[in-house]
Each structure stands twice: as C-alpha cells, then as structure tokens.
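Let's take a friendly walk through this protein and look at the spaces inside and along its surface. Keep the 3D view open as you read.

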Amino acid sequence: MRASTDHILASHAGSLPRPDELIEAWGHAALGSIDQDIFAERLRTAVTGVVRRQRDLGVDIPGDGEFGKPMAQRVNYGSWWRYSWSRLGGLDPHGPSLYEMEPRRSSPGHVVLTSFGDRRDRTQFATAYGDPESGITTGPRPPAPICVAPIHYAGQDAIKADIANFKAALQTAGVEEGFMTAVAPGSASRIGNAYYKTEEELLYACADAMREEYQAILDAGLVLQLDDPAIAENWDMINPEPTVEEYKKFTMLRVEALNHAIRGLPQERIRFHLCWGSWHGPHVTDIAMRDIVDVMLAINVQAYSFEAGNVRHEHEWKVWQDVKLPDDKLILPGVVSHATNVVEHPELVAERILRFANLVGRERVIASTDCGLGGRIHPQIAWAKLEALAQGAALATRQLWS
C-alpha cells in the first residue's frame, strides 16, 4: 500500500455516485428484465468512466465506486452491506426489514443489538425522523434476510466480474493502485438468525464465508478495504446505553472475528473503514472516538479510515495527541463529509490534513472522505467534494514539502 512519501495522497471511502444508466440497469437486473450481456457492458463502461474521472480529479488511489454492488436508487445508504445478502448462501431473503424487527433490550452483562427503528438517536429525535420534510432519509428499506442454513460464500461470479471490470479500468486509466471494498463480518452478521445456536457462531460463519471474497481481491493485486461501521455504529443500536467497558467487550468479539477472517492475508495491502453510520441525522448518541480508538487499532491491517470531517466528530483529531499510531501504520482521515451539502473549501481541507500530518507524520496520512458519497448526496455535489479533497491535498502538500 502506497504511503504519502512525496505528497499527500488522495483517496476516498468507497461509494461514488452511480450514473443514471447504471441505476436503471440495476433496477432491470433485479426484475430479470435486462439481457445479461447488455447489463455487463453497462457495468464495465460505468466502472471505466468512474476510474477515469477520479484520476482526472487528482485522486491517487481510486476505487470502483462500488458500482458492482446492486443499487437501483439514487438515494441508498445500504448497498455497501446489502450486496453481501446475494453473495452468502444459507439465507432466506424474506425477513422483516431491519427497521421492522422486534426491538430488543440490553441489560448489564447482556448486550444485544436492537432494531434500526429502535436506535437511541431515532427515539430521541422521533419527531424529526418521522417528518418527511426534515431531510433525514436513508432510502429504501428492503426485507432483510434470515439465516436458515449453514452460511457459505456464493459470490464467486460476482466478485470475479467486479475484479475484472476494475482492473481493466485501472489499466485504461493508467493507474497503478486501486482499492476495492468488502463488508466485514461484524456488519455482515447483523441479520436474522434461525439456524446458529449463538450470535457468535453466526458471526464466525460470516467471517469464514467472506474470507473468500477478501482473498480474491488481494489475489488480484488490489488493495482491500474492509467496511465495518458496526464497530462504532452498534453503540447506537444498544438500548439502553451500555457502559463503555461492556461495549468494548461486545465489540472486541467482532474484531477477533475480523482478524480471524484475514489471518495469513497480506496486512500491508488491507485497510479498514470505521464510521458512525452515514445517515443524515443528529448523531448525538455516537460513541466518542477516544473510547474505541484502541479497539480500531486492534484490527490487523495496514491503514485505518475514519470520519474526521463532520461536525459531530471533527474535534476528535485531538485523540491523536495522546494515542500513538503504531509504527508502519497509516491513517485515512475524512477531510470532506458526506453529511452536508456544503462543499468544503480546499483551504479547510488542507487545514484538516495538516492537523493529522503534524501529529502522526506527513508520510502516514492519506486524505479521504468521511464515508461513501454515492447514494447519500447529489452526484454533482459529491464530485465537487472529491475535487475539493484533491485540491486540499495539493495545498497541504505544498506546505508540508516546501
């Protein structure tokens, strides 16, 4: 994995705006009403275009925009995770949505996840969340699967196509390094369970199955990004609020499962993405970065991507005044945010980059986004934010290498 040896590298968290033609094609694919060859060509064309556009904006380490993950809507917060539902065998797809699942209550010494609709942020601001004009939306709420048989990986054809499309696009654009995202076990396992005796068994089954996808991405010579918002976001899904110690114990089980899934794989080409969820809401019930930074650093990867640009978490750059980044590790702080339609000024982006560079060293900072931009903000704004990120990285470079 490249480091910022002579300039601040620019990357992002994964999801980018899909062209309308691709969104339409995914809609037809869900209905089985599009020829497979036509669909495959539209997807290849879209991936080629998104890699070229990233290169032209100055993004050093591009992704495939997650275009191979089904998304048939412009507003969609879940494709980064829901794609795995079609790549894991042993699931019945006809369960209740995550919002309609029965709420669950935790108690001291017994931490469980509740439903999405019972999140503490949503209950505290129920009126705002229930107001269609409030601006709070997460797109469709499809049925969630239920595990009814042994989980196994069934996405071989899909990941093979994703890799082929992305590698061809990188070659066409003349880009040497690119990253591809995959959901981590802790997030993949947030589904119904009617087969395994315990949630831990389900978690490790997801880890063993998803390992095959991780291996395929790495074998292709790409950088693997593991997406696991659940590491931080689960805090809001525990009702009532647990103690930090209870939450860290609950979360470390998910970290151990992830480390199990990537055991023996080349850590130097794996990065991890943490966030507090990407919905447009108050986020007053988010856990503090200082309370989970050690949990994040326990994940055996080369680099860590995390939110650092939105108004709820920007102040937490100060955590790195007290926390030592382990030797030879990199960070990808978010320096533009998906949580606002305001496009950051490049000078502000540079200022955010400099905060981290001055604390951990310029070579160990890669400028990134808080979370995925696709499906969360208007495409025109998303691309303007990515351009501001690249411009800010260039400004920071001039100051750091002058």
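## A helix and its buried face

Which residues of helix H11 (residues 289–297) are buried? In this predicted model, they are Met289, Ile292, Val293, Val295, Met296 and Leu297. An α-helix has 3.6 residues a turn, so residues three or four places apart point the same way.

What do the buried residues of H11 pack against? Their partners are three helices and two strands by name: helix H9 (230–233), helix H10 (244–261), helix H12 (319–322), strand E7 (270–274) and strand E8 (303–306).

## Enclosed cavities

The count comes to 2 cavities of 30 Å³ or more. The largest cavity holds about 350 Å³ of space. It is lined by 30 residues, and Tyr77, Gly78, Trp80, Ser278 and Arg376 lie nearest its centre. Helix H3 (residues 79–82) supplies the largest share of that lining, with 3 residues. By class, the lining of the largest cavity has 13 nonpolar, 8 polar and 9 charged residues.

The second largest cavity has a volume of about 40 Å³. Met289, which is one of the buried residues of H11, helps to line this cavity. Others in the lining are Trp276, Phe306, Glu307, Ala308, His313, Glu316, Trp317, Trp320 and Phe356. This lining divides into 7 nonpolar, 1 polar and 2 charged residues.

## Open pockets

Now for the pockets. The largest pocket has a volume of about 990 Å³. Its lining takes in 37 residues, with Trp26, Ala30, Pro70, Tyr83 and Ser86 nearest the centre. Helix H1 (20–31), helix H2 (36–57), H3, strand E2 (88–92) and helix H6 (156–173) each give two or more residues to that lining. H6 gives the most, with 6 residues. The lining of the largest pocket has 22 nonpolar, 9 polar and 6 charged residues.

The second largest pocket contains about 400 Å³ of space. Of its 20 lining residues, Arg104, Leu113, Arg190, Ile191 and Glu199 lie nearest the centre. Strand E5 (192–193) and helix H8 (199–219) are the elements that give two or more residues to this lining. Its classes are 8 nonpolar, 7 polar and 5 charged.

## Cysteines

How many disulfides does the structure hold? The number is 0. Cysteine 147 is in no disulfide, and the nearest cysteine sulfur, that of cysteine 206, is 7.3 Å away. Cysteine 206 is likewise in no disulfide.

Are these cysteines buried or exposed? Cysteine 147 counts as buried because its relative accessibility is 0%. Cysteine 206 also counts as buried, at 0% relative accessibility.

Terms used: Residues numbered from 1 in each chain as written. Predicted model: local features only at pLDDT ≥ 70, side-chain atom pairs only at ≥ 80, totals over all residues. Heavy atoms only, no water. 1 Å grid on protein atoms, 1.4 Å probe; cavity = no way out; pocket = protein on both sides within 12 Å on 5 of 7 lines; lining within 4 Å. Points joined across faces, edges and corners; volume = space filled by probe spheres on them. Helix = DSSP H or I, 4+ residues; strand = E, 2+ residues; numbered from the N terminus. Nonpolar A, V, L, I, M, F, W, Y, C, P; charged D, E, K, R; others polar. Disulfide = S-S within 2.5 Å. Buried < 20%, exposed > 50% of the residue type's maximum accessible area, 1.4 Å probe, protein only. Contact = heavy atoms within 4.5 Å.
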